[in-house]
Amino acid sequence: MMKMQTNHRPYPLPKRPWIMTQTWNDVIFAHWPISIDQLKDNVPPQLEIDTFEGRAWIGIVPFHITDFKVRDVFSIPFTDAFPEINLRTYVVYDDKPGVYFFSLDAGHWMAARLARMFTPLAYHFAKIDVTKKDGEISYKSSRQGRNGGNGEFEGLFSPSSTNFQSEKGSLDEWLTERYCLYTSSEKNMYRIDIHHEKWELQKAEGEILAETLTSSHGIILPDEKPLLHYASCNKTLIWPIIQVKK
């Protein structure tokens, strides 16, 4: 069981017990600054879009999950390892900063189906290929099914610096150190809390070869290269979903 180091968190751990663990591997954080106007129609009005020095940000985060377990003991049947790609932005609710996901593409049909059954999160099943060779990581994803809409992503990435931890108050910290996510269903608002060690980051280089995740939500990315970070792995604790507003 992971040691609970919590001094890097912006608010205390939940008092309720956590229920699941995952290890996130070969995580790529790709971020672009973006206008609030492009986001607000896709974000529930109960959530305030978070900004850093007056700018909102949107992120595409591919990674692959291993050791998906209940209470760090029992593996989730047939879904203990799979890749995932998230499209996200940053929000605040009740003074707690967190993440809002526009979509979550999972490379395992059962994982996507179970997530849709038990949460309001916008999970989709996608065929995701992950390769790692000579320090370069490749993610290639194509959303499957009739109701998935347009959802393609392909990119090549490689770390380009030594490991570092983000400085307090920096953009690196603001983008990566998030400890809950928000989602909604009709008029109800929900939160899922998470916890992990502070990210050991590396700067990264890369090229995005295909990307239609954003355009499927009517979002147009700026014509500039993304800010890229890489993290080799981090073990995460996950708490049960709770309703925070009717």
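Which residues in the largest nonpolar core touch the most other members? Here are some friendly notes on that and a few other points; please keep in mind that this is a predicted model.

1. **The core.** The largest nonpolar core holds 63 residues, and those touching the most other members are Val27, Leu39, Leu47, Ile58 and Phe102. Strand β3, residues 56-70, supplies the largest share of this core, with 8 residues.

2. **Ile58 and its partners.** If you would like one core residue to click on, try Ile58. Setting aside residues up to four places away in sequence, Ile58 touches Ala30, His31, Trp32, Ile34, Leu39, Leu87, Arg88, Phe102, Thr214, Ile219 and Leu221. Two of these names, Leu39 and Phe102, also appear in the list of core residues that touch the most other members.

3. **The overall fold.** The protein has 3 helices and 14 strands. Along the principal axes, its C-alpha atoms fill a box of roughly 45 × 40 × 40 Å. A compact globule of 246 residues would have a radius of gyration near 18 Å, so the value of 17 Å for this protein agrees with that expectation.

4. **Long-range contacts and burial.** Take the contacts between residues at least 6 apart in sequence: 70% of them join residues at least 24 apart. Of the 246 residues, 49% count as buried.

5. **Surface and charge.** The accessible surface comes to about 12,400 Å², and carbon and sulfur atoms account for 50% of that. The protein carries 28 positive and 31 negative charges, and the mean positions of the two sets are 8 Å apart.

6. **Leu181 in strand β10.** Leu181 sits in strand β10, which covers residues 180-185. It counts as buried because its relative accessibility is 12%, below the 20% cut-off. Leu181 and Gly98 are 83 residues apart in sequence, yet their C-alpha atoms are 5.2 Å apart in space. Beyond its neighbours within four places in sequence, Leu181 is in contact with Val99, Phe101, Leu121, Tyr190, Arg191 and Ile192.

7. **Thr183 in strand β10.** Thr183 also lies in strand β10. With a relative accessible area of 5%, Thr183 is buried. Leaving out residues up to four places away in sequence, Thr183 touches Tyr100, Pro120, Leu121, Asn188, Met189, Tyr190 and Ile241. Leu121 and Tyr190 are thus contacts of both Leu181 and Thr183.

8. **Two aspartates with positive phi.** You may want to look at the backbone here. Asp26, in strand β1 (residues 20-34), has a phi near 45°, a positive value in a residue other than glycine. Asp67, in strand β3, likewise has a positive phi, about 55°, although it is not a glycine. What about their surroundings? Asp26 is buried, with a relative accessible area of 7%, whereas Asp67 counts as partly exposed at 41% relative accessibility.

9. **Thr162 in a loop.** Is Thr162 buried or exposed? Thr162 is exposed, as its relative accessible area is 64%. This residue belongs to the loop between β9 (152-159) and α3 (171-176). Apart from residues up to four places away in sequence, Thr162 touches Leu201 and Gln202. The C-alpha atoms of Thr162 and Leu201 are 8.2 Å apart, with their places 39 residues apart in sequence.

Key:
Residues numbered from 1 in each chain as written. Predicted model: local features only at pLDDT ≥ 70, side-chain atom pairs only at ≥ 80, totals over all residues. Heavy atoms only, no water. Helix = DSSP H or I, 4+ residues; strand = E, 2+ residues; numbered from the N terminus. Rg over C-alpha atoms; globule rule 2.2 N^0.38 Å. Buried < 20%, exposed > 50% of the residue type's maximum accessible area, 1.4 Å probe, protein only. Contact = heavy atoms within 4.5 Å. Areas by Shrake-Rupley, 256 points an atom, 1.4 Å probe, with all protein chains shown as cover. Lys, Arg positive; Asp, Glu negative; His and termini not counted. Charge placed at Lys NZ, Arg CZ, Asp CG, Glu CD. Core = buried A, V, L, I, M, F, W, Y, C linked by side-chain atoms within 4.5 Å.
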